[in-house]
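The following account leads through a single protein chain, moving from one residue to the sheets around it. Please keep the sequence and the coordinates at hand while reading.

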Amino acid sequence: MEVDNLQANDGRWMQPLTVPPGWYQLSVDLRTENVGAKESGASISVMEDGIMSADIHGTTDWRRVTLYLKVGGHGADIDVALRVGGFGSLNTGKAFFRNASLVAIDAPPPNAAPTYDLNAIRQQGAPVPIGSPISLVVTFLALAGIAWAGWRIYGDDDFRIFNSIRAAMSGRPKKR
C-alpha cells in the first residue's frame, strides 16, 4: 500500500473493522520518502481521538510500528488507517506499508507503548449533559402546571375550579 501526499494533507488508506472485546496489537511495516518533520508523519492509527503509533518522518528503510488497543464492553466498530499526516496536522511525503495486522492478544507486553483504552477515550469525548435530572423534572412539572392553569382559566366552561375567579373578573354571577 502506498500513500503519497504531493501537497500537505492527511492522506490515508482506511479499513473499517468490527472487533469483539479484548486487547489488540495493530502493526505494520512502513518505509518513508521525504515525509515532513514538523507535522504528523507516517503511522498506523485508529480514526479516533489521536490513537496512533509512533510516527515516522524523513526518508527511512522498512521498520515495524505498533500500537496496542483495549476494546471493552460488547466490542466496537473501528476504522484502522495507514496514513501520512493527521487530523489538523497535514503533511507531505510518501509512505509504503506492508504486512499490516490486527492480532488479538491477552495483554500488551510490560512497558508497551503506545497503549490505548478505546472505551475511556470514547467516554472522554462524549458530551457532558447540561443541568441535572432534577432540573429537567422541575422544568417539566412547571410547564405542565402552567399549561393546566391556562387550560382551566381560558378553556371550556365545563371546568369549574376557576369559575369564581372568572366570575369576579367578568362581573357575572357564579354558576352552580
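Asp29 counts as buried, because its relative accessibility of 13% falls under the 20% limit. The model is a predicted one, and all values below are to be read in that light. Asp29 belongs to strand β3, which covers residues 22–33. Leaving aside residues up to four places away in sequence, Asp29 touches Trp62, Arg63, Arg64, Phe96, Phe97, Arg98 and Asn99. One of these neighbours, Arg64, is also joined to Asp29 by a polar contact between the two side chains, at 3.2 Å. Another, Arg98, is the bridge partner of Asp29 in β8.

These contacts lead to the pairing of β3. With strand β8 (residues 91–105), β3 pairs in the antiparallel sense over ten bridges. With β6, the pairing of β3 is likewise antiparallel, and it extends over nine bridges. Within that second pairing, Val28 has Val65 of β6 as its bridge partner.

What is the order of the strands in the sheet that holds β3? The sheet is open and consists of five strands in the order β1-β8-β3-β6-β9, with mixed pairing. The edges are taken by β1 (2–9) and β9 (115–117); each has a single partner strand, so one side of each is left without a neighbour in the sheet. On average, and with direction ignored, neighbouring strands of this sheet are turned by 30 degrees against each other.

At the β9 edge, strand β6 (residues 63–71) and β9 pair in the parallel sense over three bridges. Here Lys70 stands opposite Asp117 in β9. Helix α1, formed by residues 118–125, lies across β6 and β9 and runs at about 60 degrees to β9.

A second residue of interest in this sheet is Thr66, which is placed in strand β6. The side chains of Thr66 and Ser27 are joined by a polar contact of 3.0 Å. When residues up to four places away in sequence are not counted, Thr66 touches Gln25, Leu26, Ser27, Ser53, Ala113 and Pro114. The C-alpha atoms of Thr66 and Ser53 are 5.6 Å apart in space, while the two residues are 13 residues apart in sequence.

Two further residues touched by Thr66, Ala113 and Pro114, are linked by a cis peptide bond, with omega near -5 degrees. Pro114 is found in the loop between β8 and β9.

The second sheet can now be considered. Its four strands form an open sheet in the order β2-β7-β4-β5, with antiparallel pairing. At its edges stand β2 (11–19) and β5, each with a single partner strand, so that one side of each is left without a neighbour in the sheet. Between β2 and strand β7 (residues 76–84), the antiparallel pairing runs over nine bridges. In β7, Asp77 is the bridge partner of Thr18. Helix α1 packs on this sheet too, touching β5 and β7, and the direction of α1 makes about 90 degrees with that of β7. Helix α1 is thus described against both sheets, as it lies across β6 and β9 and touches β5 and β7.

Attention may next turn to empty space. The largest pocket has a volume of about 200 Å³. Its lining comprises 15 residues, of which Glu48, Asp49, Gly50, Arg83 and Phe87 are the closest to the pocket centre. The elements that give two or more residues to this lining are β4 (42–46) and β5 (51–52).

Two asparagines remain to be described for their backbone geometry. Asn34 lies in the loop between β3 and β4. Phi of Asn34 is near 55 degrees, which is a positive value in a residue other than glycine. Asn34 counts as exposed because its relative accessibility of 60% is over 50%. Asn99 is placed in strand β8, and phi of Asn99 is near 55 degrees, again a positive value in a residue other than glycine. Is Asn99 buried or exposed? At 52% relative accessibility, Asn99 counts as exposed. Asn99 is also among the residues touched by Asp29, which itself counts as buried.

Terms used. Residues numbered from 1 in each chain as written. Predicted model: local features only at pLDDT ≥ 70, side-chain atom pairs only at ≥ 80, totals over all residues. Heavy atoms only, no water. Pairing = 2+ DSSP bridges. Axes fitted to C-alpha atoms, helices over the stretch in contact; angles between N-to-C directions. Contact = heavy atoms within 4.5 Å. Buried < 20%, exposed > 50% of the residue type's maximum accessible area, 1.4 Å probe, protein only. Polar contact = N/O pair within 3.5 Å; in protein donor to acceptor, adjacent residues only side chain to side chain. 1 Å grid on protein atoms, 1.4 Å probe; cavity = no way out; pocket = protein on both sides within 12 Å on 5 of 7 lines; lining within 4 Å. Points joined across faces, edges and corners; volume = space filled by probe spheres on them.
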